[in-house]
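Student: I would like a close look at a single part of this protein, taken slowly and with its surroundings. Please walk me through it in one connected account.

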Amino acid sequence: MARILNAALATSVAGLIIAAGPPPVSNDAVQGQKVFQQNCALCHSVVAGRRANGPSLFGIVGRKSGSVEGYPYSSAMKASGLSWTSAQLRTYIASPRKIVPGTKMAFAGMTDPHKVEPLLAYLNSLK
């Protein structure tokens, strides 16, 4: 009898988890800073004028691609004509080499909205 009740309880809990769906996507800039540290900080700074292997991402939202003074962008990035809106960054972060073939960015891409959306919130906060 106990096994039947345990099985019924397990089935009910599993049903509740499935019905609840995936956790909501966060637009939390603090969480986005953690995503940045784990995925971007090796190559990018968020301090204005400080570059690493990649250009500073301070003020990136609203900026024209290939426009940080003194950074040696690839010809492809210079010629891309992109403006870094949140929507364009979302697309680029998903697949940099697909969006700008010939980019120097070695990052393979990120599509998990639970990482991308907080990261975008963080990048939007860098002004």
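Student: Could you look closely at α6 (113–125) and the loop that leads into it from α5 (96–99), and tell me which residues of α6 are buried and what covers them?

Tutor: Before the details, please keep in mind that this is a predicted model, in which the chain averages a pLDDT of 88 and 83% of the residues score at least 70. Confidence is highest in α4, at 98, and lowest in helix α1 (residues 2–20), at a mean of 54. Where pLDDT is low, the predicted coordinates should not be read in detail. For orientation, the chain holds six helices and zero strands, and buried residues make up 28% of its 127 residues. Among contacts between residues at least 6 apart in sequence, 42% join residues at least 24 apart.

Let us begin with the helix itself. The 13 residues of α6 should span 18 Å at 1.5 Å a residue, and the C-alpha atoms at its ends are indeed 18 Å apart, so expectation and model agree. At the start of α6, a side-chain oxygen of Asp112 comes to within 2.8 Å of the backbone nitrogen of His114. Further along, the buried residues are Val116, Glu117, Pro118, Leu119, Leu120, Ala121, Tyr122 and Leu123, and what covers the buried residues of α6 includes α2 (29–39) and α4 (86–94).

That cover can be followed into the nonpolar interior. The largest nonpolar core has 21 residues, of which Phe36, Trp84, Leu89, Ile93, Leu119 and Leu123 touch the most other members. Each of α2, α4 and α6 supplies at least two residues of this core, and α6 gives the most, with five residues.

Now to the loop between α5 and α6, where Met110 is found. Met110 has a relative accessible area of 7%, and because that is under 20% it counts as buried. If residues up to four places away in sequence are not counted, Met110 touches Val35, Asn39, Ile93, Ala94, Lys115, Val116 and Leu119; two of the names on that list, Ile93 and Leu119, also appear among the core residues that touch the most other members. The C-alpha atoms of Met110 and Arg90 are 8.9 Å apart in space, although the two residues are 20 apart in sequence.

Thr103 lies in the loop between α5 and α6 as well, and with a relative accessible area of 13% Thr103 is likewise buried. The side chain of Thr103 makes a polar contact with the side chain of Tyr92, at 3.2 Å, and a polar atom of the Thr103 side chain lies 3.3 Å from the backbone nitrogen of Met105. Leaving aside neighbours within four places in sequence, Thr103 is in contact with Ser74, Ala76, Met77, Tyr92, Pro96 and Arg97.

Tyr92 then carries the account from the loop to an aromatic neighbour. The count of aromatic pairs comes to three. One of them joins Tyr71 and Tyr73 in an edge-to-face arrangement, 4.7 Å centre to centre with 75° between the planes; Tyr71 is buried, at a relative accessible area of 12%, and Tyr73 is buried with a relative accessible area of 12%. Trp84 and Tyr92 form another aromatic pair, a tilted one, with 5.0 Å from centre to centre and 55° between the planes. Trp84 counts as buried at 6% relative accessibility, and Tyr92 is buried at a relative accessible area of 5%.

From Trp84 one can step outward. Neighbours within four places in sequence aside, Trp84 is in contact with Ile60, Val61, Gly62, Arg63, Lys64, Ser65, Met77, Leu89 and Tyr92. Gly62, one of these, is found in the loop between α2 and α3 (75–79). With a relative accessible area of 67%, Gly62 is exposed, whereas Trp84, at 6%, is buried. The C-alpha atoms of Gly62 and Ser83 are separated by 6.4 Å, with their positions 21 residues apart along the chain.

To return to your question, the buried residues of α6 include Val116, Leu119 and Leu123, and their cover includes α2 and α4. In the loop before the helix, Met110 touches Val116 and Leu119, while Thr103 makes its polar contact with Tyr92.

Notes: Residues are numbered from 1 along each chain as its sequence is written. This is a predicted model: local features need pLDDT of at least 70, side-chain atom pairs count only at pLDDT 80 or more; totals for chains, interfaces and linings use all residues. Side-chain values use heavy atoms; hydrogens and water are left out. Helices (H or I, at least four residues) and strands (E, at least two) are DSSP runs, numbered from the N terminus. Buried means under 20% relative accessible area, exposed over 50%, partly exposed in between (1.4 Å probe, protein chains only). A polar contact is a pair of N or O atoms within 3.5 Å; within protein, one must be able to donate a hydrogen and the other to accept it, and residues adjacent in sequence count only if both atoms are side-chain atoms. Contact means heavy atoms within 4.5 Å. The expected span of a helix is 1.5 Å times one less than its number of residues. pLDDT is the predictor's confidence in each residue, from 0 to 100. A nonpolar core is a set of buried Ala, Val, Leu, Ile, Met, Phe, Trp, Tyr and Cys residues joined through side-chain atoms within 4.5 Å. Rings of Phe, Tyr and Trp (its six-membered ring) pair if their centres lie within 6.5 Å; planes under 30 degrees apart count as stacked, over 60 as edge-to-face and the rest as tilted.
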